[in-house]
Amino acid sequence: MADIRLSAVISVHNEEAQLADCLEGLTFADEIVVLLDKCTDTSGDIARRFTERVIDGAWAIEGDRRNAGIGACRGAWVFEIDADERASGDLGREIRDVIADTPYDWHEILVDNYIGGKLVRWGWGASYGKAAYPGLFKKDVKVWGDARVHPPLKWADGAKKGPQLRNRIRHFVDRDISDMIRRLDSYSTARAKDLRQSGDIGTMGNNVRRLFSRFIKCYFFRRGYREGGYGFLIALFAGLFPILSHLKAKLEDDS
Amino acid sequence: MSEDVLLSALIVVHNEETQLADCLEGLTFADEIVIVLDKCTDGSKAIAGKFTDRLIEGAWELEGERRNAGIEACRGTWIFEIDADERASLELAEKIQAVLTAGEGDIFNIPVENYVGGRLIRHGWGGLFGKNGYPGLFRRGVKVWGPERVHPHLHVTGRQGQDLKTPIIHYVDRGISDMLLRLDRCTTLRARDLAESGDISSFPNMVRKIFSRFWKCYVTRQGYRENGYGFVIALCAALYPVLSHLKAALEYSGGEENGG
């Protein structure tokens, strides 16, 4: 095997519509690792056209599944991407340049989020969307926590964060407002399971306060208002995420 | 013509195989059952055929039109309208029979008891996101539905009788997910109605409605008494106009669909 310096890793659950497009942009990596989680569509066939490093399995916890993918990487550096994201040639070249001589252990990558065909730059955050993520890191410095949705990250002691990359990754996060509503629903269902398991589901009063504080954070501080209606909806759904998760945990069970 | 059809029970169905048999079993008190099968691709037709031969199959674009088609197919002097996720109890059946023999009026309101999951939720419904009652028993010819996709308007010509005292049972949602997905479906349909009408109103107006509708459902209609479900009902009722408006403005304006 040739020297593997950079691994690109992607975790997939039934992504046949997106996967080929995403994998085509990853040729700058020395290997591509694809983790297939309970796939029942043709994702596996698509993945094998691009790489032989394909891992099939079933993971209940998002963090576990991401750790399994990172664990399978043989490169000294790991670039993490999702099927609904796209890396440009410029980003690929910058990543190669950075890992050639960076003194740091991990770097953040800025995200351009698209709803339908529209770039929505402002207002993301508060667990409903990411404006940046730590997607380029030395293997062994980043470990995902064991949550179903938005697992917390644990960094190795002394791991040093470098500057953000200049080139952005493109993220096709939602096709339309219906997609946004369904994502709010599935995130809050998964979060409710985590809350029930933790034994501490929080209080109604506190989660009502968070509705307003998160709305204000996304709509004003992160300037969602500049994006018109979509910025309003991002802030609204970021605000509703905690209280819907709380109410699902309180009123419903796993059935 | 059969002259002895006094009461027609009417049900309009789109892929309801899990609910339909249960609903139809409660309708034996009617003289005929009329079932409109709209674009059904599941076992609904087979189930319906076990209960009646009065089946009308077709594809309707508008909610109001398909309901009017059902009403027209009814031969009874009186029509009782019910949905697949509703149940008529024996007691309600008796009340309806009593109205037919002695009731004064042409159209009667039937109260609704809404269940979310297994739980009866009495308070907080309204604002297009749930009904406390509906004009479900009426004389043939007095009720016509308007041409909207969702929550069509009613045109009523007869005399309003006294409300029935016994409620119909409505299994409206299985849980909060169902409520959110219903909100999504209804606001998509509403957005198309708005875009077609050419008047989608203004964003600030819809934002004001968030607060006025939340207040109406949660406080005035006492949704707060229903623990958390009252909050979610009020929330969905509150967001209904602004979501419909934004879908119309961002995705259906000029008749083009965004994304897809």
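Helices and strands here are DSSP runs, numbered from the N terminus. With that in hand, welcome to a set of close-up views of a predicted model.

**View 1. Asn14(A) sits in the loop between strand 1 (6–12) and helix 1 (19–24) of chain A.** The backbone is the point of interest here: phi of Asn14(A) is near 50 degrees, a positive value in a residue other than glycine. Most residues other than glycine have a negative phi. Is Asn14(A) buried, exposed or partly exposed? Asn14(A) counts as partly exposed because it has 16 C-beta neighbours inside 10 Å, and the buried class begins at 20.

**View 2. Asp140(A) lies in the loop between strand 8 (132–138) and strand 9 (142–144) of chain A.** Asp140(A), which is not a glycine, also has a positive phi, near 85 degrees. Its 14 C-beta neighbours inside 10 Å make Asp140(A) partly exposed.

**View 3. Helix 4 (residues 90–102) of chain B has a buried side and an exposed side.** This helix has 13 residues and reaches 18 Å from its first C-alpha to its last, close to the 18 Å expected at 1.5 Å a residue. Leu92(B), Lys95(B) and Ile96(B) are its buried residues. They cover an arc of only 100 degrees around the axis, so they lie on the same side of helix 4 of chain B. The helical repeat helps here: an α-helix has 3.6 residues a turn, so residues three or four places apart point the same way. What do the buried residues of helix 4 of chain B pack against? Their partners are strand 4 (78–82), strand 8 (133–139) and strand 11 (168–173) of chain B. On the other side of the helix, the exposed residues are Leu90(B), Glu91(B), Glu94(B), Ala98(B), Thr101(B) and Ala102(B).

**View 4. Gln97(B) is another residue of helix 4 of chain B.** With 15 other C-beta atoms within 10 Å, Gln97(B) is partly exposed. For a sense of scale, take Ser244(B), which is 147 residues from Gln97(B) along the chain: their C-alpha atoms are separated by 40 Å.

**View 5. Helix 5 (residues 177–198) of chain A has covering elements from both chains.** At 1.5 Å a residue, its 22 residues should span 32 Å, and its end C-alpha atoms are 31 Å apart, which agrees. Among its buried residues are Ile177(A), Met180(A), Ile181(A), Leu184(A) and Leu195(A), as well as Asp185(A) and Arg191(A). The cover over the buried residues of helix 5 of chain A includes strand 11 (169–174) and helix 7 (229–251) of chain A. From chain B, it includes helix 5 (176–197) and helix 7 (227–251). Just after helix 5 of chain A comes Gly199(A), with a positive phi near 85 degrees.

**View 6. Chain A and chain B meet through 20 residues from chain A and 22 residues from chain B.** On the chain B side, helix 5 and helix 7 each supply at least two residues. Helix 7 of chain B gives the largest share of that side, 10 residues. Sorted by class, the side of chain B that touches chain A has 11 nonpolar, eight polar and three charged residues.

**View 7. The largest nonpolar core has 55 residues.** Which of them touch the most other members? They are Leu233(A), Ile234(A) and Phe237(A), together with Val232(B), Ile233(B), Ala234(B) and Cys236(B). Strand 11, helix 5, helix 6 (204–221) and helix 7 of chain A each supply at least two residues of this core, as do strand 11, helix 5, helix 6 (203–220) and helix 7 of chain B. Helix 7 of chain B brings the largest share, 15 residues. Leaving aside residues up to four places away in sequence, Phe237(A) touches Tyr128(A), Met180(A) and Leu184(A). A second, separate core of 36 residues includes Cys23(B), Leu27(B), Ala88(B) and Phe108(B).

**View 8. Chain B is divided into domain 1 (7–173) and domain 2 (176–255).** The centres of these domains of chain B, taken over C-alpha atoms, are separated by 24 Å. Their contact takes 15 residues from domain 1 of chain B and 24 residues from domain 2 of chain B. The domain 1 side of that contact divides into six nonpolar, five polar and four charged residues.

Methods
Residues are numbered from 1 along each chain as its sequence is written. Chains are lettered from A and ligands numbered from 1 in the order in which they are written. This is a predicted model: local features need pLDDT of at least 70, side-chain atom pairs count only at pLDDT 80 or more; totals for chains, interfaces and linings use all residues. Helices (H or I, at least four residues) and strands (E, at least two) are DSSP runs, numbered from the N terminus. The expected span of a helix is 1.5 Å times one less than its number of residues. A residue is buried if 20 or more other C-beta atoms lie within 10 Å of its own, exposed if 12 or fewer, and partly exposed in between; C-beta atoms are placed from the backbone. The arc is that of the directions from the helix axis to the C-beta atoms. Two residues are in contact if their C-beta atoms, placed from the backbone, lie within 7 Å. Ala, Val, Leu, Ile, Met, Phe, Trp, Tyr, Cys and Pro count as nonpolar, Asp, Glu, Lys and Arg as charged, and the others, Gly among them, as polar. Domain bounds come from an automatic or database domain assignment. A nonpolar core is a set of buried Ala, Val, Leu, Ile, Met, Phe, Trp, Tyr and Cys residues joined through C-beta atoms within 7 Å.
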